[in-house]
Amino acid sequence: MANLKYLEFQRLIRELQFVESDYIYRSEIIKQSDKFFLESVDGVLDKYPDLKSIWQENSERKIRYVESNGVQGDLEESIDLPVKKLYRDIVKITHPDKIKNKKLNELYIEATNAYESKDFVTIYKVCSELMINFEYDEEILSIIKSKIEGYKSQILFLESTYTFKWLKSNDDDKVKVILSFIENKIK
């Protein structure tokens, strides 16, 4: 039974890593594309002077991002003590003053940042990478699942932004996305 929990934990960690990297990727795409999207909006507005004057009267020209480092897993105080022990175990294996291994030192930094920000899911992930044994508690699995769902909902939000829709549309539909954006901002 413990082996099944271990396998479930490994599966969830891999899924978490995937959705986290997918979120970061999409976020960066939007950040880098926003300037070009706004330039395209300006180009369309230049073609329609009446629309441009309405736009200038009624609209702010900002697109807001959801900035996040992910969804932090909130753990109860009862989990803090085991996590503290696991963090100490990680430090013993990875501390730069004791170990001169770049990969292990990077894990030390990752674990320290996670511990300080109370991102205990990352502590468990690092323990798993270092093969440090710990209990695969149902609460931990539940927190990882909720963190995965948080990233998935953030990804859905990013995909609903005009910049993302504009970026993924073909050339004919780009103007439609821009006009929809302008219409929405004017209303």
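Below, a colleague and a modeller talk through this predicted model in questions and answers.

Colleague: Before we start, what pLDDT do local features need here?
Modeller: Residues are numbered from 1 along each chain as its sequence is written, and side-chain values use heavy atoms, with hydrogens and water left out. This is a predicted model, where totals for chains, interfaces and linings use all residues, side-chain atom pairs count only at pLDDT 80 or more, and local features need a pLDDT of at least 70.

Colleague: OK, how many helices does the protein have?
Modeller: Helices are DSSP runs of H or I with at least four residues, strands are E runs of at least two, and both are numbered from the N terminus. Reading from that end, the elements go α-α-α-α-α-α-α-α. There are 0 strands, and the helix count is 8.

Colleague: What share of the residues is buried?
Modeller: Buried means under 20% relative accessible area, exposed means over 50%, and partly exposed is in between, using a 1.4 Å probe and protein chains only. The protein has 187 residues, and the buried part of them is 40%.

Colleague: And of the contacts between residues at least 6 apart in sequence, what share joins residues at least 24 apart?
Modeller: A contact here is heavy atoms within 4.5 Å. Counting contacts in the protein between residues at least 6 apart, the share that joins residues at least 24 apart is 75%.

Colleague: How much of the accessible surface belongs to carbon and sulfur atoms?
Modeller: Areas come from the Shrake-Rupley method with a 1.4 Å probe, and for residues only the protein chains shown count as cover. The protein's accessible surface is about 11,700 Å², and the carbon and sulfur part is 53%.

Colleague: Let's go to α1. Which residues does Ser33 touch, leaving out those up to four places away in sequence?
Modeller: Ser33 sits in helix α1, residues 2-47. With 9% relative accessibility, Ser33 is buried. Leaving out residues up to four places away, its contacts are Thr163, Trp166 and Leu167.

Colleague: Which residues make the nonpolar surface patch of about 290 Å²?
Modeller: Patch residues have over 30% relative accessible area and no salt bridge; like charges are joined within 9 Å, and nonpolar side chains (Val, Leu, Ile, Met, Phe, Trp, Tyr) within 5 Å. One member, Leu4, is in helix α1 and is exposed at 54% relative accessibility. The patch is made by Leu4, Tyr6 and Leu7.

Colleague: On to charges: which residue forms a salt bridge with Glu159?
Modeller: A salt bridge is a side-chain nitrogen of Lys or Arg within 4 Å of a carboxyl oxygen of Asp or Glu, and the structure holds 17 of them. In this one, Glu159 is in helix α6 and its partner Arg26 in helix α1, so the pair ties together parts 133 residues apart in sequence. Glu159 is partly exposed at 27%, while Arg26 is buried at 18%. The closest N and O atoms are 2.7 Å apart, and the partner is Arg26.

Colleague: How far apart are the closest N and O atoms in the salt bridge of Glu28 with Lys31?
Modeller: Both residues are in helix α1 and 3 residues apart, which means about one helical turn separates them. Glu28 is partly exposed at 36%, and Lys31 is partly exposed at 31%. Their closest N and O atoms are apart by 3.6 Å.

Colleague: Which residue forms a salt bridge with Asp119?
Modeller: Asp119 and its partner Lys147 are both buried. The closest N and O atoms are 2.6 Å apart, and the partner is Lys147.

Colleague: Which residues do salt bridges with shared partners join into one network?
Modeller: Here we look at bridges that share partners. The one network they form joins Glu8, Arg11, Glu15, Lys145, Glu149 and Lys152.

Colleague: How many of the residues of α5 are buried?
Modeller: The buried ones include Phe120, Ile123, Tyr124 and Cys127. The helix is mostly covered, with the buried count at 9 of 10.

Colleague: Which residue with a positive phi follows α5?
Modeller: It's in the loop between α5 and α6 (138-159), and it is exposed, with a relative accessible area of 73%. Its phi is about 60° although it is not a glycine: Met131.

Colleague: Last one: where is Lys118 found?
Modeller: Lys118 also has a positive phi of about 60° without being a glycine. Lys118 is partly exposed, at 47%. Its place is the loop between α4 (102-116) and α5 (120-129).
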